[in-house]
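Colleague: I have the sequence and the coordinates open on my screen. Could we go through the structure together?

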Amino acid sequence: MGYTAVHAGWGRLDASLDDLGCGRSWADVHRVKGLELACPECRGRVFARISLHRARHFYHQVRPRDCELANESPEHHLLKLELATAARVAGFRAELEVGNEARTWRADVLVFGEQDRPFMALEAQLSPMTPQDARMRTDRYAADGVAVCWVAMEKRPWERGVPSLRVAPPRNRGDAWTVRYGMARYTWAAPNTVKTKAAWTHISCSLIEAVRWILQGRVHAHTGPDGTVWWTARSYVRLAIARARLEADAEAVQQAAAVEQRRRAAQQQAAATERARLAAQDRRLAAQEEAHEEQQAEQERLTDFFEQAGIKAGLWPAFMQLVCSASGKAVTCGDQSPAYGNGLLLYSRPRKGAAFQLAAVVCPDPSALARWPADLTILVPGRAWLSRIKAAAQSPLKVAVLDPVTKHCVYERVDPRTSTLT
């Protein structure tokens, strides 16, 4: 691929003027008899002068519309010359305003290496440029195997995304251009452990030093974890990688410890859950045993009643379940009452916290029904008992037939006046 020097004459023109000045002021060189200066691009006549910023530059006698050099600021021109000088001081051939044959890019300063092949472009980028344009133009250089370093004098939005330097011009005559941003080192306090502080820090150096380090390969463009690009030495990158690996190992150890802690916590939780389950099971068995004992005691208490009523003790729990289901209330057994035909008194509680009230009588002696309260329900365990109640009834009665064998519950109203069951 060929490369064309479009404006390379500026540098040679500067050098020629220095030779011709012969001790005179640089801005007075154009007064040398017989010396006429021409723009290397448009060939128009130019004159030498020094800008308000002490930048040596040329100006056109008549500014042409299509000459890029005519529109180039003194600062831009001076920075290009400084970049070219720095490259040459580092021992490399550097030419100004060189583009490729395809005209997809043109470098402010193109640096040539072994076998006179271009390998680095130094761009004095003082005009505005978006981060997207910076990446696109960088990729164009990369397509031809040319790296690029963008150089600005102010903070720019693109400087974090491409290899770049931010520089400051010399304050006084004889001072050097200084790099303020773009060159970084990695510092890691001793001893090199995870607990000691480590960070990337930007350093200041002369532009000549920075260009020499870049062109000689002593520093290279490094992209950080957040995508920021800066120039640094490979030893610093290795140190940062070592720190990152140490942090990763420490994090892995912490994660493993956390996993083990969670595993132990899960085991403890499972053991606690199992203990709670066993305790609940023990309480349930104890409650069942207690309920069984209470049931046994209740059945023993009611032995005489069972014999009188002809109810099997084993069917009594089923009978009481029917009572509770039919009433929908809490029910408890009292004693046999001579006042109610020696029947068994049942009490119910209309709501939680309320007092138990007499609700029904189980299997009263039919001979005691003559003065039976009309609203007091009689409970019997089968149809045979219902027939006996019917035969002895002398007033309307409410009778609930709860058969513990079939588990059926039927409410009947006995009316002796009609001698029918309704």
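Modeller: Certainly; please keep in mind that this is a predicted model. A good place to begin is the largest nonpolar core, which has 34 residues.

Colleague: Which residues have the most contacts inside that core?

Modeller: Those are Phe-305, Trp-316, Val-362, Leu-379, Leu-397 and Val-399.

Colleague: And which elements each supply at least two residues of this core?

Modeller: The helices are α6 (303-309), α7 (316-327) and α8 (383-392). The strands are β17 (343-349), β18 (357-362), β19 (377-380) and β20 (397-403).

Colleague: Take Val-362 as an example. What does Val-362 touch?

Modeller: Setting aside residues up to four places away in sequence, Val-362 touches Phe-305, Trp-316, Phe-319, Gly-343, Leu-344, Leu-346 and Leu-379. There is also a second, separate core of 32 residues, with Ala-90, Leu-96, Cys-149 and Leu-215 among them.

Colleague: Let us stay with β17. How many of its residues are buried?

Modeller: Five of the seven residues of β17 are buried, so the strand is mostly covered.

Colleague: Which strands does β17 pair with?

Modeller: Strand β16 (residues 330-337) pairs with β17 in the antiparallel sense over six bridges, and Val-331 stands opposite Ser-348 there. β17 is also joined to β18 by five bridges, again antiparallel, with Leu-345 opposite Val-361.

Colleague: What lies between β16 and β17?

Modeller: The two strands form a hairpin with five residues between them. In the turn, Gly-341 has a positive phi of about 65 degrees.

Colleague: A change of topic: how many disulfides does the structure hold?

Modeller: The structure holds zero disulfides. Cys-324, for instance, is in no disulfide, and the nearest cysteine sulfur, that of Cys-333, is 8.6 Å away.

Colleague: Why is there no bond from Cys-333 to Cys-324?

Modeller: Cys-324 holds the closest cysteine sulfur to that of Cys-333, but the separation is 8.6 Å, which is too far for a bond. A disulfide would need the two sulfur atoms to be within 2.5 Å.

Colleague: Are those two cysteines buried or exposed?

Modeller: Cys-333 counts as buried because its relative accessibility is 18%, and buried means under 20%. Cys-324, at 31% relative accessibility, counts as partly exposed.

Colleague: Now to Thr-232. Where is Thr-232 placed?

Modeller: Thr-232 is in strand β15 (residues 229-232). Thr-232 counts as buried because its relative accessibility is 1%.

Colleague: What does the side chain of Thr-232 reach?

Modeller: The side chain of Thr-232 reaches the backbone oxygen of Ala-184 at 2.8 Å. Apart from neighbours within four places in sequence, Thr-232 is in contact with Ala-184, Arg-185, Trp-200, Arg-218, Val-219, His-220, His-222 and Val-237.

Colleague: How is β15 paired?

Modeller: Four bridges join β15 to strand β14 (residues 220-223), and the two run antiparallel. Thr-223 stands opposite Val-229. These strands form a hairpin with five residues between them, and Gly-227 in the turn has a positive phi of about 90 degrees.

Colleague: What about helix α5? How many residues does α5 have?

Modeller: Helix α5 (residues 234-301) has 68 residues. From the first C-alpha to the last, α5 reaches 97 Å, close to the 100 Å expected at 1.5 Å a residue.

Colleague: Which residues of α5 are buried, and what covers them?

Modeller: The buried residues of α5 are Val-237, Ala-240, Arg-243 and Gln-299. Their cover includes β11 (184-188), β12 (198-202), β14, β15, α6 and α7.

Colleague: Finally, the backbone. Which peptide bond is cis?

Modeller: The bond from Ala-190 to Pro-191 is cis, with omega near -5 degrees. Pro-191 lies in the loop between β11 and β12.

Colleague: And which residues other than glycine have a positive phi?

Modeller: Cys-363 is one of them, with phi near 50 degrees; Lys-407 has a positive phi of about 60 degrees. Cys-363 lies in the loop between β18 and β19, while Lys-407 lies in the loop between β20 and β21 (408-415).

Colleague: Is each of those buried or exposed?

Modeller: Cys-363 counts as buried because its relative accessibility is 1%. Lys-407, at 51% relative accessibility, counts as exposed.

Key: Residues numbered from 1 in each chain as written. Predicted model: local features only at pLDDT ≥ 70, side-chain atom pairs only at ≥ 80, totals over all residues. Heavy atoms only, no water. Core = buried A, V, L, I, M, F, W, Y, C linked by side-chain atoms within 4.5 Å. Buried < 20%, exposed > 50% of the residue type's maximum accessible area, 1.4 Å probe, protein only. Contact = heavy atoms within 4.5 Å. Polar contact = N/O pair within 3.5 Å; in protein donor to acceptor, adjacent residues only side chain to side chain. Pairing = 2+ DSSP bridges. Expected span 1.5 Å × (residues − 1).
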